[in-house]
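User: I'd like a close look at one part of this model, the place where the two chains meet. Keep it informal, please.
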Amino acid sequence: MEKTNENSNAEGACEKQKCLEMLQVVLDGQADEKLKAEFDEHLKNCMPCFKSYNVDFAIKELLKQKCCGQHVPQDLKEAIKSKIDNLAV
Amino acid sequence: MSEAAKKKYSLDEKNRIFKSEFFPHLDSMYNFAFRLTFDEDDAKDLVQDTYLKAFRFIDSFEQGTNAKAWLFRILKNSFINDFRKKSKAPTKIDYQEVETYYNSDDIDEPITPDLRVDSLQDMIGDEISNALNALDVDFRTVIILCDLEGFKYDEMAKILDIPIGTVRSRLHRARNLLKEMLSGYAKKMGY
Ligand SMILES: [Zn+2]
């Protein structure tokens with residue numbers, strides 16, 4: 001995993017390694033209520049984490065908006081259908 | 001193969017599973033395949049292979065489990081086995097920094113303090129898409145699975161055959177690389 005770095009931010013409120021892990025789990029919607037509450041509380045006191053979270057969140061949203069939404073070519077759809085129909089006899 | 005050994009589904013059931021559980025993921029599968037291969041024909045072949053395999057091995061699919069994750073796993077394995085060697089490299093773009101970061105020890109260091117939300121939002125789609133495409137395939141894959149497709153860490157671990165801890169650290173590295181590239185772009189554009 002990541003190496004543990006000494007916390008270098010001036011606020012001193014942030015254990016970097018633990019914060020990063022927490023941030024990721026919350027960002028990806030996989031934190032339970034308790035962890036979410038803990039992270040929310042931490043964000044109030046830790047500017048670096050607050051900034052990081054907002055940037056990460058914006059990138060995640062942007063990825064979803066800009067990099068999905070591709071439609072499968074119609075000819076491929078038809079080809080798969082007919083191949084399966086041929087197999088399924 | 002033990003295909004004949006455990007025939008779980010009737011032909012009708014197979015067709016029904018295929019139509020109701022596999023087919024709805026075609027767009028996602030194609031998007032994944034295209035972002036792995038960067039080539040329309042390769043992506044089509046990969047998706048078609050995957051669906052044919054899925055049908056052939058449908059008896060090993062458990063109804064009620066995540067069909068999308070199952071399909072993504074097949075596609076990923078097909079890509080590694082059949083396509084990875086011959087797939088075309090991404091078109092060279094402006095992100096020369098990528099290579100240096102791969103070789104750098106402090107890959108986890110920066111949280112790119114200069115990257116701001118408002119500058120991100122001003123970026124048009126191509127930059128983020130190009131940045132994603134410029135990532136090494138292992139990093140690209142975790143971003144696709146997590147951020148584009150919304151898979152959970154444990155599902156990603158199964159799709160990729162790696163431990164959850166590796167999923168998480170790879171995701172973390174991938175995001176840092178992405179931020180570095182976007183930050184470089186933002187700087188160039190004068191944000
Ligand atoms: Zn913090």
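How many residue pairs in polar contact does the rule find across the interface of chain B and chain A?

Analyst: There are 13 such pairs across the interface of chain B and chain A, both residues of each being at pLDDT 80 or more. A polar contact here is a pair of N or O atoms within 3.5 Å; within protein, one must be able to donate a hydrogen and the other to accept it, and residues adjacent in sequence count only if both atoms are side-chain atoms. Bear in mind that this is a predicted model: local features need pLDDT of at least 70, side-chain atom pairs need 80 or more, and totals for chains, interfaces and linings use all residues. Residues count from 1 along each chain as its sequence is written, chains are lettered from A and ligands numbered from 1 in the order written, and side-chain values use heavy atoms, with hydrogens and water left out.

On the chain B side, the elements giving two or more residues are α1 (11–22), α2 (26–37), α3 (40–56), α6 (117–122), α7 (125–134), α8 (137–148) and α10 (164–188). Of these, α10(B) gives the most, with nine residues. Helices are DSSP runs (H or I, at least four residues; strands are E, at least two), numbered from the N terminus. By type, that side of chain B splits into 24 nonpolar, eight polar and 13 charged residues. Nonpolar covers Ala, Val, Leu, Ile, Met, Phe, Trp, Tyr, Cys and Pro, charged covers Asp, Glu, Lys and Arg, and the others, Gly among them, are polar.

In all, the contact (heavy atoms within 4.5 Å) takes 45 residues from chain B and 41 from chain A. Putting the two chains together buries about 4,100 Å², with carbon and sulfur atoms giving 65% of that; this is the accessible area (1.4 Å probe) that the two parts lose, summed over both.

The rule also finds four salt bridges across the interface. One pairs B:Lys44 with A:Asp75, whose closest N and O atoms are 3.0 Å apart. A salt bridge needs a side-chain nitrogen of Lys or Arg within 4 Å of a carboxyl oxygen of Asp or Glu.

As for the partner, chain A has four helices and zero strands, running α-α-α-α from the N terminus. Of its 89 residues, 40% are buried, meaning under 20% relative accessible area (exposed is over 50%, partly exposed in between; 1.4 Å probe, protein chains only).

Back in chain B, helix α3 also holds B:Thr50. B:Thr50 counts as buried because its relative accessibility is 0%. Leaving aside residues up to four places away in sequence, B:Thr50 touches B:Met29, B:Leu71, B:Ile74, B:Leu75 and B:Ser78.
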